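Q: Please take a close look at one part of this model, the salt bridge, and then set that part in the context of the whole chain. A connected account would be preferred to a list.

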Amino acid sequence: AALLNNMAFSYDGICWKEGGLYMPFTGAGSYVRSIAWSPILKIWVIVGTSSTATTNIAQAAYSYDGFTWISCIFSGTISSSTAFYGVSWGEDKFIICGNTSSKLYYSTNGKSFTASSSTPFTTAAISAAYNGTTWIAVGCGNATATQSIALSSDGITWTLNTNGSVSNPNTVLWGGLAWNGNGTWVVCGAAIAGATQGVYYSTNDGIPWTASTTSILQGCTSV
(Lines give C-alpha, C1' and ligand atoms only; values in the text may rest on other atoms or scores of the structure.)
Protein backbone atom coordinates (compact mmCIF):
# COMPACT_ATOMS: atom_id res chain seq x y z
CA ALA A 1 0.00 0.00 0.00
CA ALA A 2 1.87 3.02 -1.28
CA LEU A 3 -0.90 5.58 -0.92
CA LEU A 4 -0.31 8.66 1.20
CA ASN A 5 -2.81 7.36 3.75
CA ASN A 6 -1.30 3.86 3.47
CA MET A 7 -4.53 1.98 2.69
CA ALA A 8 -6.87 1.15 -0.18
CA PHE A 9 -10.04 -0.92 -0.28
CA SER A 10 -12.05 -2.76 -2.92
CA TYR A 11 -15.33 -4.66 -3.00
CA ASP A 12 -14.43 -6.67 -6.10
CA GLY A 13 -10.61 -6.74 -6.19
CA ILE A 14 -10.65 -4.74 -9.45
CA CYS A 15 -11.57 -1.17 -8.56
CA TRP A 16 -9.66 0.31 -5.60
CA LYS A 17 -10.24 3.45 -3.58
CA GLU A 18 -8.20 5.22 -0.93
CA GLY A 19 -9.30 4.17 2.52
CA GLY A 20 -8.26 3.75 6.10
CA LEU A 21 -9.75 6.42 8.33
CA TYR A 22 -8.20 7.27 11.70
CA MET A 23 -4.91 5.60 10.82
CA PRO A 24 -2.34 5.36 13.65
CA PHE A 25 0.48 5.17 11.10
CA THR A 26 1.81 8.72 11.03
CA GLY A 27 4.50 10.65 9.20
CA ALA A 28 5.32 11.17 5.53
CA GLY A 29 7.59 8.12 5.50
CA SER A 30 5.11 5.75 7.13
CA TYR A 31 3.88 2.65 5.31
CA VAL A 32 1.77 -0.47 5.68
CA ARG A 33 3.72 -3.60 4.80
CA SER A 34 1.30 -6.46 5.43
CA ILE A 35 -2.33 -7.23 6.29
CA ALA A 36 -4.16 -10.29 7.64
CA TRP A 37 -7.77 -11.23 8.38
CA SER A 38 -9.09 -13.60 11.06
CA PRO A 39 -12.30 -15.36 9.95
CA ILE A 40 -12.82 -16.46 13.56
CA LEU A 41 -12.27 -13.13 15.33
CA LYS A 42 -13.68 -11.09 12.41
CA ILE A 43 -10.82 -8.63 12.74
CA TRP A 44 -8.13 -7.16 10.46
CA VAL A 45 -4.52 -6.53 11.54
CA ILE A 46 -2.03 -4.39 9.60
CA VAL A 47 1.68 -3.88 10.25
CA GLY A 48 4.37 -1.53 9.02
CA THR A 49 6.19 1.58 10.16
CA SER A 50 5.31 5.02 11.49
CA SER A 51 7.67 7.88 10.74
CA THR A 52 8.86 10.93 12.65
CA ALA A 53 11.29 13.69 11.70
CA THR A 54 14.22 11.68 13.08
CA THR A 55 13.36 7.97 13.04
CA ASN A 56 10.95 5.16 12.17
CA ILE A 57 9.19 2.84 14.60
CA ALA A 58 7.36 -0.45 14.08
CA GLN A 59 3.58 -0.07 14.14
CA ALA A 60 0.55 -2.39 14.11
CA ALA A 61 -3.18 -1.70 14.19
CA TYR A 62 -6.47 -3.60 14.16
CA SER A 63 -9.89 -2.91 12.68
CA TYR A 64 -13.31 -4.56 12.55
CA ASP A 65 -14.43 -2.78 9.38
CA GLY A 66 -11.19 -1.98 7.52
CA PHE A 67 -11.78 1.77 7.80
CA THR A 68 -11.26 2.76 11.43
CA TRP A 69 -7.98 1.50 12.89
CA ILE A 70 -6.72 1.29 16.48
CA SER A 71 -3.11 0.79 17.55
CA CYS A 72 -2.19 -2.64 18.89
CA ILE A 73 -0.59 -3.06 22.31
CA PHE A 74 2.74 -4.89 22.68
CA SER A 75 4.53 -6.46 25.62
CA GLY A 76 7.77 -4.63 26.24
CA THR A 77 8.99 -1.52 24.46
CA ILE A 78 9.19 -1.11 20.69
CA SER A 79 12.39 0.82 20.04
CA SER A 80 13.07 3.35 17.29
CA SER A 81 14.57 2.50 13.87
CA THR A 82 12.38 -0.61 13.65
CA ALA A 83 9.70 -2.02 11.37
CA PHE A 84 7.15 -4.80 11.21
CA TYR A 85 7.31 -6.72 7.94
CA GLY A 86 4.62 -9.37 8.06
CA VAL A 87 1.43 -10.46 9.82
CA SER A 88 -0.34 -13.80 9.41
CA TRP A 89 -3.35 -15.59 10.87
CA GLY A 90 -3.38 -19.33 11.57
CA GLU A 91 -5.68 -21.56 13.65
CA ASP A 92 -6.18 -19.34 16.73
CA LYS A 93 -3.63 -16.54 16.60
CA PHE A 94 -1.93 -13.77 14.67
CA ILE A 95 1.85 -13.78 14.21
CA ILE A 96 3.77 -10.55 13.58
CA CYS A 97 7.30 -10.52 12.16
CA GLY A 98 9.79 -7.65 12.34
CA ASN A 99 13.26 -6.41 13.21
CA THR A 100 12.35 -5.37 16.75
CA SER A 101 14.17 -6.92 19.68
CA SER A 102 11.76 -9.86 19.88
CA LYS A 103 11.38 -10.37 16.10
CA LEU A 104 8.21 -12.50 16.55
CA TYR A 105 4.97 -11.69 18.41
CA TYR A 106 1.68 -13.55 18.81
CA SER A 107 -1.88 -12.61 19.73
CA THR A 108 -5.10 -14.55 20.21
CA ASN A 109 -7.30 -11.44 20.00
CA GLY A 110 -5.54 -9.30 17.37
CA LYS A 111 -5.29 -6.38 19.79
CA SER A 112 -2.61 -7.24 22.36
CA PHE A 113 0.60 -8.93 21.22
CA THR A 114 3.14 -10.84 23.31
CA ALA A 115 6.77 -11.48 22.39
CA SER A 116 7.45 -15.10 21.50
CA SER A 117 9.32 -17.10 24.09
CA SER A 118 12.18 -17.80 21.69
CA THR A 119 13.76 -15.69 18.96
CA PRO A 120 15.86 -17.67 16.48
CA PHE A 121 16.54 -14.65 14.24
CA THR A 122 19.18 -12.08 15.18
CA THR A 123 18.39 -9.62 12.39
CA ALA A 124 14.73 -9.90 11.43
CA ALA A 125 11.77 -12.17 10.91
CA ILE A 126 10.12 -11.29 7.59
CA SER A 127 7.19 -13.64 7.03
CA ALA A 128 5.30 -16.49 8.74
CA ALA A 129 2.64 -18.96 7.60
CA TYR A 130 0.64 -21.89 9.02
CA ASN A 131 -0.40 -25.12 7.27
CA GLY A 132 -2.76 -26.55 9.90
CA THR A 133 -0.10 -28.26 12.01
CA THR A 134 3.12 -26.26 11.72
CA TRP A 135 4.11 -22.61 11.72
CA ILE A 136 7.13 -21.63 9.63
CA ALA A 137 8.85 -18.25 9.86
CA VAL A 138 11.56 -16.95 7.54
CA GLY A 139 13.91 -14.02 7.81
CA CYS A 140 17.59 -13.23 8.07
CA GLY A 141 20.25 -13.83 10.68
CA ASN A 142 20.18 -16.20 13.65
CA ALA A 143 22.33 -17.48 16.48
CA THR A 144 24.40 -19.77 14.22
CA ALA A 145 24.42 -17.46 11.18
CA THR A 146 23.92 -20.49 8.96
CA GLN A 147 20.28 -20.24 7.91
CA SER A 148 17.11 -18.34 8.56
CA ILE A 149 14.11 -20.64 8.75
CA ALA A 150 12.35 -21.45 12.03
CA LEU A 151 9.59 -23.91 12.96
CA SER A 152 6.88 -23.84 15.63
CA SER A 153 3.97 -26.07 16.58
CA ASP A 154 2.13 -23.33 18.48
CA GLY A 155 3.41 -20.00 17.10
CA ILE A 156 4.91 -19.16 20.49
CA THR A 157 8.08 -21.23 20.87
CA TRP A 158 10.28 -21.30 17.77
CA THR A 159 13.14 -23.65 16.85
CA LEU A 160 15.85 -22.96 14.32
CA ASN A 161 15.59 -25.37 11.39
CA THR A 162 19.02 -27.00 11.10
CA ASN A 163 18.03 -30.25 9.39
CA GLY A 164 19.07 -30.07 5.74
CA SER A 165 17.90 -26.50 5.39
CA VAL A 166 19.14 -23.91 2.93
CA SER A 167 21.89 -21.62 4.17
CA ASN A 168 22.49 -17.91 4.50
CA PRO A 169 25.57 -17.83 2.26
CA ASN A 170 23.18 -18.25 -0.65
CA THR A 171 20.76 -15.55 0.40
CA VAL A 172 20.54 -12.03 1.73
CA LEU A 173 17.19 -12.76 3.36
CA TRP A 174 14.09 -14.85 2.94
CA GLY A 175 11.15 -12.63 2.12
CA GLY A 176 8.33 -14.79 0.77
CA LEU A 177 6.69 -17.90 2.19
CA ALA A 178 3.61 -19.82 1.09
CA TRP A 179 1.80 -23.14 1.65
CA ASN A 180 -0.16 -24.56 -1.28
CA GLY A 181 -2.68 -26.48 0.82
CA ASN A 182 -1.57 -29.81 -0.63
CA GLY A 183 1.75 -30.66 0.98
CA THR A 184 4.23 -28.16 -0.44
CA TRP A 185 5.89 -25.10 1.07
CA VAL A 186 7.69 -22.53 -1.10
CA VAL A 187 10.16 -19.96 0.20
CA CYS A 188 11.94 -17.26 -1.78
CA GLY A 189 14.60 -14.68 -1.13
CA ALA A 190 17.48 -12.72 -2.61
CA ALA A 191 20.42 -14.83 -3.80
CA ILE A 192 23.99 -13.54 -3.61
CA ALA A 193 27.61 -14.76 -3.70
CA GLY A 194 27.27 -16.40 -7.09
CA ALA A 195 24.18 -18.38 -6.13
CA THR A 196 21.81 -19.09 -8.99
CA GLN A 197 18.68 -19.84 -7.03
CA GLY A 198 16.40 -17.76 -4.85
CA VAL A 199 13.45 -20.19 -4.67
CA TYR A 200 13.26 -23.39 -2.60
CA TYR A 201 10.50 -25.85 -1.77
CA SER A 202 9.74 -28.42 0.92
CA THR A 203 7.26 -31.29 1.03
CA ASN A 204 7.98 -32.32 4.62
CA ASP A 205 6.89 -29.43 6.85
CA GLY A 206 10.00 -27.40 6.09
CA ILE A 207 12.54 -30.19 6.69
CA PRO A 208 14.49 -30.19 4.39
CA TRP A 209 14.36 -27.62 1.56
CA THR A 210 15.28 -28.22 -2.09
CA ALA A 211 16.29 -25.66 -4.70
CA SER A 212 13.77 -25.26 -7.50
CA THR A 213 15.18 -26.59 -10.78
CA THR A 214 13.05 -24.40 -13.04
CA SER A 215 13.10 -20.94 -11.51
CA ILE A 216 15.70 -18.39 -12.66
CA LEU A 217 14.86 -15.91 -9.93
CA GLN A 218 17.80 -14.68 -7.87
CA GLY A 219 15.78 -12.06 -6.07
CA CYS A 220 12.21 -12.65 -4.89
CA THR A 221 10.35 -11.05 -2.00
CA SER A 222 6.87 -12.59 -2.23
CA VAL A 223 5.27 -15.84 -3.29
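**The salt bridge and its setting**

A: D92 forms a salt bridge with K93, and their closest N and O atoms lie 2.9 Å apart. The model is a predicted one, and the count of salt bridges in it comes to one. The cut-off for such a pair is a Lys or Arg side-chain nitrogen within 4 Å of a carboxyl oxygen of Asp or Glu. As for exposure, D92 has 36% relative accessibility and therefore counts as partly exposed. K93, by contrast, counts as buried because its relative accessibility is 6%, where buried means under 20%.

The wider chain gives the context. The protein chain has 223 residues, of which 49% count as buried. Its accessible surface comes to about 10400 Å², and carbon and sulfur atoms account for 56% of that area. In secondary structure, the chain has 19 strands and zero helices. Among contacts between residues at least 6 apart in sequence, 41% join residues at least 24 apart.

Two of the sheets may be described in turn. One is an open sheet of five strands with mixed pairing, in the order β7-β11-β10-β9-β8. Its edge strands are β7 (73-74) and β8 (84-90), each of which pairs on one side only. β7 pairs with β11 (residues 112-115) in the parallel sense, over two bridges. Within this pairing, F74 has F113 in β11 as its bridge partner.

The other is an open sheet of four strands, ordered β3-β4-β5-β6, and its pairing is antiparallel. β3 (31-38) and β6 (70-71) stand at the edges of this sheet; each has a single partner strand, so one side of each is left without a neighbour in the sheet. For β6, the partner is β5 (residues 56-63), and the two strands pair in the antiparallel sense over two bridges. There, A61 stands opposite S71 in β6.

The cysteines complete the description. The count of disulfides comes to zero, the cut-off being a pair of cysteine sulfur atoms within 2.5 Å. C15 is exposed, with a relative accessible area of 54%. C72, on the other hand, is buried at 10%.

To return to the part requested, the salt bridge joins D92, which is partly exposed, to K93, which is buried.

Conventions. Residues are numbered from 1 along each chain as its sequence is written. This is a predicted model: local features need pLDDT of at least 70, side-chain atom pairs count only at pLDDT 80 or more; totals for chains, interfaces and linings use all residues. Side-chain values use heavy atoms; hydrogens and water are left out. Buried means under 20% relative accessible area, exposed over 50%, partly exposed in between (1.4 Å probe, protein chains only). Two strands pair if DSSP finds at least two bridges between them. Contact means heavy atoms within 4.5 Å. Accessible areas come from the Shrake-Rupley method with a 1.4 Å probe; for residues, only the protein chains shown count as cover.
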